[in-house]
Amino acid sequence: MTKATGAAGGPPYLRIVAGIRQRIADGELAPGDRVPSTRQIAAQWGVALATATKALTTLRLEGLVEARPRVGTVVAGGALAAPARGRPSPSAPDRGPAAAPAPAADPERELSLDRIVRTAIGIADAEGLPAVSMRGVASRLGVATMSTYRYVPSKEDLVLHMADAAFGEEPYPAAAPEGWRARVELGARTLWGLYRKHPWLAQVGSLTRPLLVPNLMVHGDRMLAALDGHGLDPTTLFDIHVLLYSHVQGVAVHLEMEAHAEAATGQSEDQWMDSRASDLRELVASGRFPAFAKAVGAFEDGYDLRLDALFEFGLKALLDGLTPLVEGARTATP
């Protein structure tokens, strides 16, 4: 492990910045290549996550790296392509006095709640929800941390704004499909698509303490409207709604968990399973779990867990099971 100590007594994050900058300059990290994540930097350099985050933020402000949703932080396209500021390129012709640069825009004047929220969503998409902080968002925007507090009082409030904005990104068609089942399927798949786009979103809120934000209410209202008018009593109606939502969120939670695990271990899901192959063989050979051994032994290439397929399989099973209840209640209602 490399222990980070700042050059000449400077802050440790500058040593990390210099190291990654040098790797980019040497061509070891090319445009589009992933740079170490905050967790990997923290482990490699022996620093806190906050220090690692500050190092990546500094590299972003220098234009050397950029965040890409669900990819991570990568080397920017034009990183180190231009000559250093203040030094002309040796091959550049003398064009006489340079024109006066246009006045830079004032980030403070351009600040808005929407920009703060969208910047925070970009951080969460690329690095996960724990990476979002008021200081980190302000740094990404190039403003003082206290400036963001004029628009949102805390990180908790910021996360609510982020969730509300994310849930509002997929509008429903003006004409609803025919039949309660088709309408429920549309609602469930719309939510799943949003969780796929923003995996951190499934980590926000719970069944017992739901998010009370308008754009999530839109999805709930559509689901309840699809089930309404079939003779279901209010409790059953809401139970079905909550059950369907819990299926979508319950599977989606693992999208972000897998992203976190991969960042922490440096192993993909398949690589992690391969590294545990001997443990699995030992469990199967123990004879203590005959049903498990039989099921695992039936796979030629192992069980392939696909969350998208699992979501669809579960949705169909739920709706098949609920159909007699929903349609039977309508038939029994005078």
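1. Start with where helices α5 and α6 touch in this predicted model. On the α5 side, the residues involved are R115, I116, T119, A120, I123 and E127, and they meet G136, V137, R140 and L141 of α6. By character, the residues of this contact split into five nonpolar, two polar and three charged.

2. Now the geometry of that pair. Helix α5 covers residues 113-127 and helix α6 covers residues 134-141; their axes lie 10 Å apart and the packing angle is about 105°. Angles of 65 to 115 degrees count as roughly perpendicular, so that is how α5 sits relative to α6.

3. Just past α6, have a look at V143, which is in the loop between α6 and α7 (145-148). Its relative accessibility is 10%, so V143 counts as buried. V143 is also 8.4 Å from L111, C-alpha to C-alpha, although 32 residues separate them in sequence.

4. Next, the largest nonpolar core, which has 57 residues. The members touching the most other members are V132, L158, M162, F167, Y195, W200 and L244. Several helices supply at least two residues each, among them α5, α6, α8 (155-167) and α9 (180-197). The biggest giver is α11, with eight residues.

5. Y195 is worth clicking on. Leaving out residues up to four places away in sequence, Y195 touches F167, L201, A202, Y245, V248, Q249, A252 and L255.

6. Don't miss the other core, either: a second, separate one of 17 residues, including I20, A55, L59 and V65.

Terms used
Residues numbered from 1 in each chain as written. Predicted model: local features only at pLDDT ≥ 70, side-chain atom pairs only at ≥ 80, totals over all residues. Heavy atoms only, no water. Axes fitted to C-alpha atoms, helices over the stretch in contact; angles between N-to-C directions. Helix = DSSP H or I, 4+ residues; strand = E, 2+ residues; numbered from the N terminus. Parallel < 35°, antiparallel > 145°, perpendicular 65-115°, else oblique. Contact = heavy atoms within 4.5 Å. Nonpolar A, V, L, I, M, F, W, Y, C, P; charged D, E, K, R; others polar. Core = buried A, V, L, I, M, F, W, Y, C linked by side-chain atoms within 4.5 Å. Buried < 20%, exposed > 50% of the residue type's maximum accessible area, 1.4 Å probe, protein only.
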